[in-house]
Structure formats: C-alpha cells, structure tokens
Amino acid sequence: MTTSIIHINKKFGSFQALKDVNLTVKDGEFLAILGPSGCGKTTLLRLLAGFESPTDGTIQIDNKKAATAKKVIPPERRNVSMVFQSFALWPHLNVREHVQFAMKYHRFVGPAFKEKKKAEERIDEVLKIVGLEQFGSRMPGELSGGQKQRVSLARAIAPEPQLLLMDEPLSNLDAELRIEMRHEIQKLHRLTKASILYVTHDQGEALAMADRIVVMNAGKIEQIGTPEQIYNQPKTPFVAKFVGKANLFEGTWDGSTFMHKNVSVTWEDCGISENLKEQNLYALRPEQIRLSTSDESQIRGTVVTKQFQGKEYQYVVDVSGQEIVVDLPLHEQFEIGEGVGIVPRM
Ligand SMILES: Nc1ncnc2c1ncn2[C@@H]1O[C@H](COP(=O)(O)OP(=O)(O)OP(=O)(O)O)[C@@H](O)[C@H]1O
C-alpha cells in the first residue's frame with residue numbers, strides 16, 4: 001500500500017504548522033520523520049491517522065483520497081493503526097482484552113479473524129511476537145513501561161494494518177530499554193510487512209531503524225534520503241548540524257577545492273553535497289577533524305571544553321568566536337586552554 005502526501009498545508013489559526021509537504025511512503029517501507037520539537041512531525045502523523053484535516057492539499061492512501069480540505073475519511077475507516085508515546089492503555093482492560101478490543105473494532109480485520117477461534121489464535125500470535133505471552137491477564141497498572149509499550153504495539157499490529165503510525169513510541173522508556181526496543185520494532189516490521197511511519201526527534205533511532213529518513217524543520221521538509229545519504233551528504237546546513245552535528249566552514253568552492261574564507265587554507269572535496277557547495281560551505285562532523293599543535297593548519301583556536309565520552313573525548317575549540325566540536329580517540333589528548341590547529345581527516 002502506498003501513501004502519498006501531496007502539497008499538504010496545515011494551519012492552526014494564523015500559525016502554519018505544515019508548509020507544502022510532499023511525501024510518498026512506499027509499500028512496506030520504514031520511514032522515519034526526524035526533526036526538533038515543534039517542527040510538525042506529530043501534526044503530519046495525525047493528518048495521516050485522520051485525527052486532523054488538512055488546510056490544503058491531498059492525502060492518498062492506497063490510491064484513494066483519504067483527506068482533502070473538504071472531505072476527511074475518519075480514522076476507523078482507514079487501514080491504519082497508531083502507537084502513541086504515552087502508551088494510551090485503558091486501565092480497566094487486561095493485556096489480552098486490549099488486543100481483543102482492537103481486533104473487534106478495527107473495520108479492516110480480515111474475515112479469518114472474525115471467527116472467534118481464529119481471533120483467539122491471532123491474539124496468542126501477537127502476544128508471542130511482542131514477548132507478552134505470559135502476561136495476558138495482567139492489568140496495565142501491573143506492567144513496566146517497556147511492557148506497556150509492547151501492549152500498545154500488539155494492539156496496533158493485531159488487525160494487520162497496512163500503515164503503522166508511531167509517534168515517539170520509545171521516548172518514555174529508559175536508555176537501555178530504548179535500544180532493546182529498536183530491535184523489537186525492526187523485527188516487528190519484518191514480520192508484519194506493514195509500511196511504518198515513525199516520528200522521532202532522536203537521530204540515532206532514525207539512523208538505526210529507517211529505510212529512509214525525512215528531516216523536517218519549521219513545518220517544511222529539509223531532506224529525504226537513506227540514513228547514509230542524510231548522514232554523509234546533508235543537503236542543507238540544518239540537516240548537517242541536526243543529524244551529523246557537523247561544523248560548517250564558510251569559504252568559496254572552485255571545482256573540487258574549497259578555500260576557507262578568512263585564512264589561506266584549501267581543502268579537497270570529501271563528499272560535500274552540491275547544495276552545500278552552492279552555499280559555499282564545507283561540513284565536517286566532529287569525528288572528521290583532528291587537532292594539531294604544529295603549524296600545519298592556519299585555522300587556529302583554543303580548546304575551551306573537554307568531555308570524557310567513554311570511547312572518545314569531545315572537545316570544543318573556539319576559532320574566532322565559532323565553536324568547533326571535535327571527537328578524538330582517547331590517545332589524542334589535549335588540554336583546556338591549549339592552542340590548536342583544525343585539520344580535516346581526509
Ligand atoms: N491544535 C493545535 N492548535 C494550535 N497549534 C498547534 C496545535 N497542534 C500543534 N500546534 C503547533 O504546531 C506546531 C507543530 O506541532 P507538532 O506537535 O506537530 O510538533 P512536533 O514536531 O511533533 O513536536 P514534538 O516533538 O514536541 O512533539 C507547534 O508549534 C505546535 O505548537
């Protein structure tokens with residue numbers, strides 16, 4: 001099933017939350033919507049679920065118009081399920097009843113599941129998929145955060161939706177559990193073969209799980225691409241900074257050579273996107289820089305902070321007022337106050 005978002009605009013009063021958004025979710029694809037707080041991620045998901053209507057534009061699900069400014073097909077008539085950040089469980093239903101309820105009231109449940117025995121088998125199956133086969137009679141109040149999120153995943157996949165919408169499903173879990181659940185969600189994607197639209201502000205989650213990432217900023221799409229394209233070839237300064245935490249240097253490009261704006265330093269192209277070149281920028285991620293105490297670089301600065309990160313040290317170097325972030329292996333140590341040169345690792 002393909003879902004298309006065509007020239008979508010969404011206004012709340014005079015505030016425009018989405019600005020001419022165009023996007024296609026391919027059949028079976030895992031698409032992450034990545035962006036900072038308030039950029040419009042949840043609004044986009046709510047439009048797809050049918051909880052909001054667009055101010056302008058069209059949403060097409062499975063080649064049918066699901067929403068325009070004039071007509072919106074309600075959530076229960078779309079073959080779509082949603083998983084919420086807050087789990088959204090019903091306090092009076094046990095685990096098994098949550099899944100049962102979703103299957104009973106989901107209009108698209110296949111005829112096979114309408115038969116009681118088949119429905120019971122399907123409930124057993126999904127509880128097994130999410131690892132809750134022993135917890136069927138537990139009430140939500142008797143479950144941990146991770147188990148609650150597993151219930152909401154089971155409830156969402158039970159009716160076999162073709163599009164699964166996930167709104168920051170892991171953000172209420174602790175760091176270790178989040179990493180574990182990333183694997184679970186990927187497994188679930190393989191098993192269900194549903195298209196997944198996964199909203200997150202965590203770049204690690206998006207890079208780890210998605211087939212493609214849509215980076216949003218202030219209601220607009222900045223870039224769409226595979227995790228590798230987004231990380232290695234950011235097209236805009238925002239994507240370079242938000243996803244790769246890149247340092248941006250201003251200068252001029254002459255073919256494949258970059259000349260720094262203030263000092264006579266030239267750098268060869270290490271895969272900078274054409275769009276950044278057109279803006280006369282050179283992006284270097286923290287791990288693409290080394291520091292030097294010799295005079296091999298004229299871009300000189302002073303180490304202002306040094307933080308131990310386990311596998312590396314992270315330094316901030318002040319270069320004429322610009323803060324350059326650099327990650328160095330443990331054996332390349334510098335001290336706060338030390339004068340250093342910035343050198344790309346080619
Ligand atoms: N019902 C509403 N009425 C008015 N403004 C709204 C409404 N819903 C969302 N907004 C505004 O639209 C913008 C986008 O909100 P949205 O919830 O989509 O952002 P988000 O990217 O999901 O953020 P977060 O990561 O913090 O959840 C925000 O500025 C928000 O304040």
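This text leads through a predicted model, from the surroundings of its ligand to its largest nonpolar core.

The shell around the ligand consists of Phe 12, Phe 15, Ala 17, Gly 35, Ser 37, Gly 38, Cys 39, Gly 40, Lys 41, Thr 42, Thr 43 and His 201. Two elements, β2 (15–25) and α1 (41–49), each give two or more residues to this shell. The largest share, 3 residues, comes from α1. Sorted by class, the shell has 7 polar, 4 nonpolar and 1 charged residues.

Helix α1 also has a buried side: Lys 41, Thr 43, Leu 44, Leu 45, Leu 47 and Leu 48 are its buried residues. Just after α1, Gly 50 adopts a positive phi of about 100 degrees.

Strand β1 (residues 3–12) contains Lys 10. Lys 10 counts as buried because 23 other C-beta atoms lie within 10 Å, where 20 or more suffice for that label. Although Lys 10 and Thr 43 are 33 residues apart in sequence, their C-alpha atoms are 8.2 Å apart in space. Setting aside residues up to four places away in sequence, Lys 10 touches Thr 43 and Leu 47, along with Ala 17, Leu 18, Glu 52, Pro 54 and Thr 55.

The largest nonpolar core has 80 residues, of which Leu 31, Ala 154, Leu 165, Leu 197, Tyr 198, Val 214 and Val 215 touch the most other members. Domain 1 (3–228) and domain 2 (245–344) each supply at least three residues to this core. Beyond its neighbours within four places in sequence, Val 215 is in contact with Leu 34, Gly 35, Glu 222, Gln 223, Ile 230, Val 239, Phe 242 and Val 243. Of these contacts, Gly 35 also belongs to the shell around the ligand.

Definitions and conventions
Residues are numbered from 1 along each chain as its sequence is written. This is a predicted model: local features need pLDDT of at least 70, side-chain atom pairs count only at pLDDT 80 or more; totals for chains, interfaces and linings use all residues. A residue is near a molecule or strand if its C-beta atom, placed from the backbone, lies within 6 Å of it. Helices (H or I, at least four residues) and strands (E, at least two) are DSSP runs, numbered from the N terminus. Ala, Val, Leu, Ile, Met, Phe, Trp, Tyr, Cys and Pro count as nonpolar, Asp, Glu, Lys and Arg as charged, and the others, Gly among them, as polar. A residue is buried if 20 or more other C-beta atoms lie within 10 Å of its own, exposed if 12 or fewer, and partly exposed in between; C-beta atoms are placed from the backbone. A nonpolar core is a set of buried Ala, Val, Leu, Ile, Met, Phe, Trp, Tyr and Cys residues joined through C-beta atoms within 7 Å. Domain bounds come from an automatic or database domain assignment. Two residues are in contact if their C-beta atoms, placed from the backbone, lie within 7 Å.
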